[in-house]
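Here are my notes on this one, as numbered points. Have the viewer open while you read.

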Amino acid sequence: MTIPLPPRARAIKERVRAFVQAELIPWEEHAEMHEGLVPDDIWTRMKAKAREAGLDNMDMPESIGGRGYSHLEQVAAQEETGRVTNALGWCSNNPQKWMLEACSPYQIETWIKPLMTDARHECYAITEADAGSDVDAIQATARRDGDHYVLNGEKWHVTSANLADFIFFQAKIADGPKKGAHALFFIDQGTPGVEVVRTPAYTHTYRAHHPIYRFTDVRVPVANRIGEEGAGMDFTYAWFRHERLMIAARCCGAAQRLIEEATAFAKGRIIFGKPLAEQQAVQFMLADSLTELFAARLMTYETARAIDASTDPRGADLKTTHAQCAMVKLYASEMAGRVADRAVQIFGGRGYMRENVAERFFRELRVDRIWEGASEIQRVIIANGLLKRGAGALVD
C-alpha cells in the first residue's frame, strides 16, 4: 500500500527496508536456534550496516551528532525494523531527545554521548513485581545522604541488562519535601549493592535478556540524579510516548511481513486441486489482515505527523499526544497479534514450526500488548483523555 511520505522519509524507509532484507532476515532462523545470537563478526557487520542505513541516534539532533529525524521519519524507519524477528532489529543505539533536556552536561558527557557512539549501553530498571503498568506503585526508594543517594529496591524485566553497562533506575524519594515523588538515577553496572537475582526464560528468543535485579543500599552521587527530585515520572512518560509510537510502527512492519509471507504461501499451496489462496476462508483472513494494517499504519503515521507539527509540546498538545500514542499502541499491537494468529492458521502445521516466520512472530508480538503499558492501561489513558477533553480533541 502507498501512503504519501515526504521524500526524505520515503528514502529512509527504502534504505532501511533494503538493509533489513539483505542483512537481518537471512539470520532469523540461525538466531532462533542459537538463543537469539548470531556469530560475533556478523553482529558487528549488522551494527555497521545499520549505521550506514541511518538507524542510529534517530531522535537526537544533528547538533550533537544525531540524525535529527522527525517522528514521521523515525516511524518510517522503525516500521521496517519491525519486519525482522528475534530482535535483530535492535542493532542500533537510539537514545531519546528527552535525555538532552533532562540530563546535566556532566551526565550527557558521561552516559548519553557514549551511548550515541555505541561505547556504552543502557537498560531501564522501572518495573517491579507488584508495579508494572501502574508505575506509581513502585516500592524502590531513594534516600538522600549528604552528597549521595542510597537506593533500594528490586526490579523485574530489566530489558537488555545483560548487554548494558549502566542502568536508568526509577525510585520514590524516601524523605524530605519531595517524599513519595519519583526520581530517575544513573547507576553504573558493578556498583556495590547491584546484583542479579535471576534471569527468567521468556517466550521470545532474543540476545537481550530481562533479568531481575536487586539494589541494596546502592550509593550514587547526587550528580547521578536525572533532573530534579519529583521529575522522574515526566521523563518516564516522555519515554513511554516515544516508545509506544515506535512499537506501533514495528507492529505495522511485522504485520506487513506476515501478510506478504502468508499470501505467497497461500498462492503456492495446492489443496483440493486449487491454490489455498482461492479458498474464501483464507481470502477473508488475508483481507481482514490487510484492512487492519492499513488502518493501523494511517493512525501511526498521522500521530507522528501531528507530533512533528505541534507548536506547544509542553501544553495541551502534550496531553492529546499522550492519549493518541496510547490509541496507536493499543490498536497496532492488537492488530499485529490478530494478523500473526491468522498467518499461523494459513500456514497450518508449518506455521507451528520455529523455522517459520509466523510461529516466531506469533510469540514475539504478544509482549507488545504488555510492555510500555498493557492494552488495558492504554484504554484507561484513552478514556481519561476522552472524558477530560472530549472526542474532538483526540480525533478531529
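1. Let's begin with a strand residue: Cys123 sits opposite Ile167 in β4. The strands involved, β1 and β4, run parallel and are joined by four bridges. Keep in mind throughout that this is a predicted model.

2. Staying with β1, which covers residues 122–125, have a look at how its side chains alternate. Glu122 and Tyr124 point one way, while Cys123 and Ala125 point the other way. Which of these are buried? All of them, on either side of the strand.

3. Two of those β1 residues turn up again around Ser160. This serine is placed in the loop between β3 and β4, the latter spanning 166–173. Leaving aside residues up to four places away in sequence, Ser160 touches Glu122 and Cys123, along with Trp90, Ala208 and His209. Is Ser160 buried or exposed? Its relative accessibility is 16%, so Ser160 counts as buried, the cut-off being under 20%.

4. On to the antiparallel pairings around β7. Strand β3 (residues 148–155) pairs with β7 (residues 212–221) in the antiparallel sense, over seven bridges. If you want a pair to click on, His148 has Pro221 of β7 as its bridge partner.

5. β7 also pairs with β6, residues 194–198. This pairing is antiparallel too, with four bridges. Here Val194 is the one to pick, as its bridge partner in β7 is Phe215.

6. Now the helices. α1 (residues 7–24) packs with α3 (residues 40–52) at an angle of about 165°, and their axes are 10 Å apart. That angle makes the two helices roughly antiparallel, because anything over 145 degrees counts that way. The crossing of α1 and α3 is right-handed.

7. Who makes that contact? From α1 come Arg15, Phe19, Glu23 and Leu24, and from α3 come Arg45, Met46, Lys49, Ala50 and Glu52. Sorted by class, the α1–α3 contact has five charged residues, four nonpolar ones and no polar ones.

8. One last residue in α3 is Ala48. With a relative accessibility of 26%, Ala48 counts as partly exposed, since that class lies between the 20% and 50% cut-offs. If you'd like a long-range distance to check, try Ala48 to Arg244: the two are 196 residues apart in sequence, and their C-alpha atoms are 26 Å apart in space.

Definitions and conventions: Residues are numbered from 1 along each chain as its sequence is written. This is a predicted model: local features need pLDDT of at least 70, side-chain atom pairs count only at pLDDT 80 or more; totals for chains, interfaces and linings use all residues. Side-chain values use heavy atoms; hydrogens and water are left out. Two strands pair if DSSP finds at least two bridges between them. Axes are lines fitted to C-alpha atoms, for helices over the stretch in contact, and angles run from 0 to 180 degrees between N-to-C directions. Angles under 35 degrees count as roughly parallel, over 145 as roughly antiparallel, 65 to 115 as roughly perpendicular and the rest as oblique. A crossing is left-handed if the near helix is turned anticlockwise from the far one by less than a right angle, and right-handed if clockwise. Contact means heavy atoms within 4.5 Å. Ala, Val, Leu, Ile, Met, Phe, Trp, Tyr, Cys and Pro count as nonpolar, Asp, Glu, Lys and Arg as charged, and the others, Gly among them, as polar. Buried means under 20% relative accessible area, exposed over 50%, partly exposed in between (1.4 Å probe, protein chains only).
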